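The exercises below ask you to read a fold step by step, moving from an enclosed space to the core, the sheet and a few single residues. Try each task on the structure before you turn to its solution.

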Amino acid sequence: MRKDGIFIAVEVDDAAAADAAIAQKLTEACPVDIFAQQGDGSLEIVDSNLDECVLCRLCMDAAPGVVSVVKLYDAGALLA
């Protein structure tokens, strides 16, 4: 799953997005509420909050290898 904002895009592996435990970790980790859990426990990326991202990497630390943050303003470079 991928959602694009103006400045960044967030990509999450589809299998991981369906995992309620991973969705909960991401929802709890993000200080600007980019992630939410849907009623079935799966992950939702909240479009309206994408460009609030402060590039803190907390989502990437909470679920290593699951989340990619793409810097659209930097020719699509990945946040490392």
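A cavity is a set of grid points where a 1.4 Å probe fits but cannot get out, and its lining residues have an atom within 4 Å of a point. The model used here is a predicted one.

**Exercise 1.** Determine how many residues line the largest cavity, and which of them lie nearest its centre.

*Solution.* Begin with the count, which comes to 1 cavity of 30 Å³ or more, and then take the volume of the largest cavity, which is about 100 Å³. Its lining consists of 16 residues, and those nearest the centre are Cys 30, Ile 34, Cys 53, Cys 56 and Cys 59. The elements that contribute two or more residues to this lining are S2 and helix H3 (58–62). Sorted by class, the lining holds 15 nonpolar, no polar and 1 charged residues.

**Exercise 2.** Identify the members of the largest nonpolar core that touch the most other members, and list the contacts of Val 10.

*Solution.* The core has 21 residues, among which Val 10, Val 12, Leu 26, Phe 35 and Val 67 touch the most other members. Two or more residues each come from S2, helix H1 (14–17), helix H2 (20–29), strand S4 (43–45), H3 and strand S5 (67–71). Turning to Val 10, and setting aside neighbours within four places in sequence, one finds contacts with Met 1, Arg 2, Lys 3, Ile 34, Phe 35, Ile 45, Leu 50, Val 67 and Ser 68.

**Exercise 3.** Work out the strand order of the open sheet and name its edge strands.

*Solution.* The 4 strands follow the order S1-S2-S5-S6, with antiparallel pairing. Strand S1 (2–4) and strand S6 (77–78) are the edges, because each pairs on one side only. Between S1 and strand S2 (residues 8–12) the antiparallel pairing runs over 3 bridges, and Asp 4 has Ala 9 in S2 as its bridge partner.

**Exercise 4.** Decide whether Lys 71 is buried or exposed, and do likewise for Asp 33 and Arg 57.

*Solution.* Lys 71, which is placed in strand S5, has a relative accessibility of 16% and therefore counts as buried, the limit being under 20%. Not counting residues up to four places away in sequence, Lys 71 touches Phe 7, Gly 76, Ala 77, Leu 78 and Leu 79. Asp 33, in the loop between H2 and strand S3 (35–37), is partly exposed at 46%, and although not a glycine it has a positive phi of about 55°. Arg 57, in the loop between S4 and H3, is likewise not a glycine and has a positive phi of about 75°; at 29% relative accessibility, Arg 57 counts as partly exposed.

How values were computed: Residues numbered from 1 in each chain as written. Predicted model: local features only at pLDDT ≥ 70, side-chain atom pairs only at ≥ 80, totals over all residues. Heavy atoms only, no water. Pairing = 2+ DSSP bridges. 1 Å grid on protein atoms, 1.4 Å probe; cavity = no way out; pocket = protein on both sides within 12 Å on 5 of 7 lines; lining within 4 Å. Points joined across faces, edges and corners; volume = space filled by probe spheres on them. Nonpolar A, V, L, I, M, F, W, Y, C, P; charged D, E, K, R; others polar. Core = buried A, V, L, I, M, F, W, Y, C linked by side-chain atoms within 4.5 Å. Buried < 20%, exposed > 50% of the residue type's maximum accessible area, 1.4 Å probe, protein only. Contact = heavy atoms within 4.5 Å.
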